[in-house]
Amino acid sequence: LSASAHSFKCILVSAALFAENRRRLCQGLKAKEGIVSKSVVVLQGGEQKQRYCTDTDILFRQESFFHWAFGVTESDCFAAIDVDSGKSILFVPKLPESYATWMGEIYPKQHFKERYAVDEVHYTCDVSLPVLTQRGQNTDSGSISREASFEGISRFQVNNTLLYPVIVECRLIKTDMELEVLRYTNRISSEAHKMVCFLPCSLFQHHCYSQGGMRHTSYTCICGTGSNSSILHYGHAGAPNDKTIVDGDMCLFDMGGEYYCYSSDITCSFPANGKFTPDQRAIYEAVLKSSRAVMAAIKPGVKWTNMHRLADRVHLEELVKIGILKGNVEDMMKVHLGSVFMPHGLGHLLGIDVHDVGGYPEGVDRVNEPGLRSLRMGRLVQERMVLTVEPGIYFINHLLDQALANDAQSCFINNQELARFRSFGGVRIEDDIAVTADGVELLTCVPRTVEEIEAFMADSAKPFSPVVSSEKF
Ligand SMILES: [Mn+2]
């Protein structure tokens, strides 16, 4: 399947990839105890949704299980797989004639049969389907697909006719301030058509899309600088990557492009001006050391929880060398001091979802200890797993204050040295790896050592120029 008619260096994803997935699924199901003959797997694809009550489409992204099994890019489909025979049936919506006017050609069923290499194609309306969403609980989000309903709505007296026309009239007539914002959005959008702007997130997305055919990123870009680089999931709606990059700041850019629903998840940390200060170098090299120690240790059979502990141990050893900590590292491990500096897990499975499924199968429980309880995978490492390795050291004020208030931890902290790092932010180094028969294959390829980064930024790079903050109203 060609992802784009004008692909540059895009790889082509074959329908055979998904046929293979279905075959493996049937094989796995048949081997399962208690499987009844003539079983049929029914999957529901993602639905095209609109922004709240408007008719503006939200950019569609296929539901991950459905994508894994069929690689279908269209919305609102169902699919069935006959487990015994492996026969696959795709159900596509029967589109109204007006679709051809607004959305383009309406393809016949044969088109989908060929494009997705399935055995049969039917219209969803022609078959009465039992809607069996067989999704379980996602161990990362804790979400289960559930019926949308508003509990207790009957307790309220609802009037849904009065408000609406009044609001519509208000919205029809724009105020001065609204006009200012509309001028702004227009000016920015117009400029963007003519030039590439300086923000890392937008540059990143542009490169991924224009050079790699990636319409989506795997997750919202995290572009923290200065003290914001210690905010683990910076970049959300309340902090939309809008801080001006300042000379002397550390940058922490965690961004991954998604191609045909397959993810990547990479973090680079570096000084905005291209030159590490001694403190920046010390923290950065401590994280790099743990990253490389973990990668050298990963092979089939090792416990992921032990890889997390290994990263913690290296961080603590290095923080002692830097002078922020003092004392015996084994004793620090006993009071989970590592989690003060790395509260998140070492890394996670990666695939169609950036936090891919399978981290905690039946019988594998989370280790309920600081840091370790954030791990998104608790099982043994196996060949052909793809994982992120993303150790980090962060100076998060509320965690530091908690540790200082805890006698068991504060005795290891040299608060005078620590004070200097209070607004440092954080460093994360995140690479994606595939587990091989006896080690790892590093999938990520970016400058990693201090020397490589400094040479890269001095040579080819344009260190990100400080930009004017977006206007506030
Ligand atoms: Mn990650």
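1. In this predicted model, the manganese ion is held by four protein donors: Asp-265 (OD), His-348 (NE2), Glu-390 (OE) and Glu-430 (OE). These donors lie 2.0 to 2.3 Å from the ion. Along the sequence, the donor residues follow the spacing D-x82-H-x41-E-x39-E.

2. Two of these donors, Asp-265 and Glu-390, link distant parts of the chain, being 125 residues apart. Asp-265 sits in the loop between strand E8 (257-258) and strand E9 (266-271). Glu-390 sits in the loop between strand E10 (386-389) and strand E11 (392-394). Both Asp-265 and Glu-390 are buried.

3. Turning to aromatic contacts, a search of the whole structure gives eight aromatic pairs. One of them joins Phe-395 and Phe-421, with 5.1 Å from centre to centre and 25° between the planes. The pair counts as stacked because its planes are under 30 degrees apart.

4. Where do Phe-395 and Phe-421 lie? Phe-395 is in the loop between E11 and helix H12 (397-404), while Phe-421 is in the loop between helix H14 (415-419) and strand E12 (426-428). The pair therefore ties together parts that are 26 residues apart in sequence. Phe-395 and Phe-421 are both buried.

5. Phe-421 also pairs with Phe-424. Here the ring centres are 5.7 Å apart and the planes are at 45°, so this pair is tilted. Phe-424 is buried, as is Phe-421.

6. The aromatic contacts extend to a group: Phe-341, Phe-395, Phe-421 and Phe-424 form one aromatic cluster.

Note on methods:
Residues numbered from 1 in each chain as written. Predicted model: local features only at pLDDT ≥ 70, side-chain atom pairs only at ≥ 80, totals over all residues. Heavy atoms only, no water. Donors = N, O, S within 2.8 Å, 3.2 Å for Na, K, Ca; no water. Helix = DSSP H or I, 4+ residues; strand = E, 2+ residues; numbered from the N terminus. Buried < 20%, exposed > 50% of the residue type's maximum accessible area, 1.4 Å probe, protein only. Phe/Tyr/Trp six-rings, centres within 6.5 Å; stacked < 30°, edge-to-face > 60°.
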